[in-house]
Amino acid sequence: QVQVVESGGGLVQAGGSLRLSCAASGSILSTYGMSWYRQAPGKQRVLVASVRSGGGTNYADSVKGRFSISRDNAKNTVYLQMNSLKPEDTAVYYCHLILQTTVTDIAAYWGQGTQVTVSS
């Protein structure tokens, strides 16, 4: 069984920084794509950043130059460093992991979500 736990959200003033973490534990053979999504009140969940198993990254235009995604494969953990935060970054942030748990089973897992609130 796999558990995915997020941490690092909170309240910060505009211009500040936060670092989110998402760690998977359990019977994991390998990790593939790891991503962060966010969902603001009344809006759809959208992709913020992703990092492939080989290290390549992608970012939403709205966060380019301010956010940085990274991963530690040995710890099955993905991070999101968020700098120069803006009020419009306020949302619940979710990690999304593609994990292999057996020789034949590869599946997607979501974190529980962590609230990020940026005050103006």
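## Exercises on a predicted model

**Exercise 1.** Take Tyr 93 in this predicted model: which residues does Tyr 93 touch, not counting those up to four places away in sequence?

*Solution.* Start with the lower numbers: Tyr 93 touches Glu 6, Leu 20, Trp 36, Tyr 37, Arg 38 and Val 48, among others. Carry on along the chain and you also pick up Phe 67, Leu 80, Met 82, Gly 113, Thr 114 and Val 116. Now look at the largest nonpolar core, which has 28 residues. Tyr 93 is in the group touching the most other members, together with Trp 36, Val 78, Leu 80 and Met 82. Next, check who supplies the core: E1, E3, E4, E5, E7, E8, E9 and E11 each give at least two residues. The largest share, 5 residues, comes from E9.

**Exercise 2.** Work out whether His 96 is buried or exposed.

*Solution.* First place the residue: His 96 sits in strand E9. Its relative accessibility is 14%, and the cut-off for buried is under 20%, so His 96 counts as buried. Then list its contacts, skipping neighbours within four places in sequence: Gly 33, Met 34, Ser 35, Tyr 37, Ala 108, Tyr 109 and Trp 110.

**Exercise 3.** In what order do the 4 strands of the open sheet run, and which strands stand at the edges?

*Solution.* Read the order off as E1-E3-E8-E7, with antiparallel pairing. E1 (2-7) and E7 (67-72) each have a single partner strand, so one side of each is left without a neighbour in the sheet. From one strand to the next, the twist averages 15°. Finally, zoom in on E1 and E3 (residues 18-26): they pair over 6 bridges, and Ser 7 has Ser 21 in E3 as its bridge partner.

Note on methods. Residues are numbered from 1 along each chain as its sequence is written. This is a predicted model: local features need pLDDT of at least 70, side-chain atom pairs count only at pLDDT 80 or more; totals for chains, interfaces and linings use all residues. Side-chain values use heavy atoms; hydrogens and water are left out. Two strands pair if DSSP finds at least two bridges between them. Axes are lines fitted to C-alpha atoms, for helices over the stretch in contact, and angles run from 0 to 180 degrees between N-to-C directions. A nonpolar core is a set of buried Ala, Val, Leu, Ile, Met, Phe, Trp, Tyr and Cys residues joined through side-chain atoms within 4.5 Å. Buried means under 20% relative accessible area, exposed over 50%, partly exposed in between (1.4 Å probe, protein chains only). Contact means heavy atoms within 4.5 Å.
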